[in-house]
Amino acid sequence: MGRGRPRLRSQEDQARRVILRLQKYLAECGLGSRRACERMIAGGRIQVNGETVCEQGIKVDPVQDDIRMDGRVVRRESKVVYILNKPPGVMCTNDDPQSRPLYRDLFPADAGRLFPVGRLDCMSEGLLLVTNDGDLAHRLMHPRYGFHKTYLARTPDRVTAEQMKRMEQGVEEGGERLRALRVRRERGAGPGTRLRIVLGEGRNRHIRRMFKALGLRIDRLKRVKLGPLVLGGLPQGSWRELRPQELRQLQVSSHQRDA
């Protein structure tokens, strides 16, 4: 038996196995996204049939193999997906060295293992998906699946038509080219400008960096739509489980992109 590989049984037993890649199974168990689970494997935290596995791509049989993380048995959980209206000032992480408020603090202590699908930066607000379904999270975050994200941005500055056009064409910032798929002006009372911005592949602090490159400030940034999901009238700081129809839409949309 090779080092780091699960113990194989007879060829007859192996033929009956329903096998999965280890990182996919770990994600299905709610340990995090596939990428996060790959880091757990690389870090030597996963054991299969008594052996530590550090190699990516190992295949396992969840029924027959003994799979553990840090010595604790790993089992599938019932999958849940929540939509949260994240307030500004709340971090999208399960641990913050500065002890700032976390999205997890908005859920009951007995809600189980959860993680956010992607992130909103600390001062941004709005639609955030929270789940224990690592496979779905992988689909939603991976650029391949192309889930569009819609934001409402408010700036105290006057935004010109030329600046809006440059956002759609792309601007250079920090060695990256940042662009929006669509930028439209929104009506609103008071000074400044309100824009509706649709992103395809979102990069870290994408809209804030794009505005900075154009000499614009942001005083409010809110995500209102992710793929087919709409934030709607969910109060700030509140969450709800996805309705069956919403979950089907999300799953259908992600699988259509595999076709």
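Select strands β9 and β15 together: they pair in the parallel sense over two bridges. Within this pairing, G126 stands opposite R223 in β15. The model on display is predicted, and each stop below should be viewed with that in mind.

**Strand β9 and its other partners**

Keep β9 selected and display its surroundings. Seven of the seven residues of β9 are buried, so the strand is largely enclosed by the rest of the structure. Next, add β7, which runs antiparallel to β9 and is joined to it by six bridges. To locate this register, select Y82, whose bridge partner in β9 is V130. Then add β8, which pairs with β9 in the antiparallel sense over two bridges. Here P116 is the residue to select, and V130 of β9 is its bridge partner. V130 may therefore be kept highlighted as a shared reference point, since both Y82 and P116 have it as bridge partner, in a strand that is largely enclosed because seven of its seven residues are buried.

**A salt bridge from β9 to β15**

Now show the side chains of E125 and R220. These two residues form a salt bridge, with their closest N and O atoms 3.0 Å apart. E125 lies in strand β9 (residues 125–131) and R220 in strand β15 (residues 220–226), so the pair ties together parts that are 95 residues apart in sequence. Which of the categories buried, partly exposed or exposed applies to E125? E125 is buried, with a relative accessible area of 5%. R220, by contrast, counts as partly exposed, at 35% relative accessibility.

**The loop between β7 and β8**

Move to the loop between β7 (81–86) and β8 (115–116), and select T93 there. T93 is buried, its relative accessible area being 15%. The T93 side chain reaches the backbone oxygen of D95 at 3.1 Å. Leaving aside residues up to four places away in sequence, T93 touches L102, Y103 and R119.

Next, select D96 and R100. Their side chains meet in a salt bridge, at 2.9 Å from N to O. D96 is buried, with a relative accessible area of 10%, whereas R100 counts as partly exposed at 28% relative accessibility.

**Further salt bridges**

How many salt bridges are counted in the model? The count comes to 16. For another example, select E172 and R177, which form a salt bridge with their closest N and O atoms 3.2 Å apart. R177 counts as partly exposed, at 46% relative accessibility. Then select E173, E176, R203 and R209, which are joined into one network by salt bridges that share partners. As a general principle, side chains of opposite charge can pair when their charged atoms come close.

**Two helices**

Select helix α4 (residues 134–141). The helix is mostly covered, six of its eight residues being buried. To see which ones, highlight G134, D135, L136, A137, R139 and L140, the buried residues of α4.

Proceed to helix α3 (residues 34–42) and select E38. E38 counts as partly exposed, at 31% relative accessibility. Its contacts include Q23 and Q56, residues up to four places away in sequence not being counted. Add A27 as well: E38 and A27 are 11 residues apart in sequence, and their C-alpha atoms are 9.4 Å apart in space.

**The whole chain**

Return to the full view. The protein chain contains seven helices and 17 strands. Of its 259 residues, 45% count as buried. Among contacts between residues at least 6 apart in sequence, 64% join residues at least 24 apart. The chain exposes about 14100 Å², of which carbon and sulfur atoms supply 46%.

**Colouring by confidence**

Finally, colour the chain by pLDDT. The mean is 86, and 88% of the residues reach 70 or more. Where is confidence lowest, and where is it highest? The lowest is in helix α1 (residues 11–15), at a mean of 43, and the highest in helix α5 (residues 161–169), at 97. Over residues 1–16 the pLDDT is below 50, and this stretch has 27 contacts in the model beyond near neighbours in sequence. Where pLDDT is low, the predicted coordinates should not be read in detail.

How values were computed. Residues are numbered from 1 along each chain as its sequence is written. This is a predicted model: local features need pLDDT of at least 70, side-chain atom pairs count only at pLDDT 80 or more; totals for chains, interfaces and linings use all residues. Side-chain values use heavy atoms; hydrogens and water are left out. A salt bridge is a side-chain nitrogen of Lys or Arg within 4 Å of a carboxyl oxygen of Asp or Glu. Buried means under 20% relative accessible area, exposed over 50%, partly exposed in between (1.4 Å probe, protein chains only). Helices (H or I, at least four residues) and strands (E, at least two) are DSSP runs, numbered from the N terminus. pLDDT is the predictor's confidence in each residue, from 0 to 100. Contact means heavy atoms within 4.5 Å. A polar contact is a pair of N or O atoms within 3.5 Å; within protein, one must be able to donate a hydrogen and the other to accept it, and residues adjacent in sequence count only if both atoms are side-chain atoms. Two strands pair if DSSP finds at least two bridges between them. Accessible areas come from the Shrake-Rupley method with a 1.4 Å probe; for residues, only the protein chains shown count as cover.
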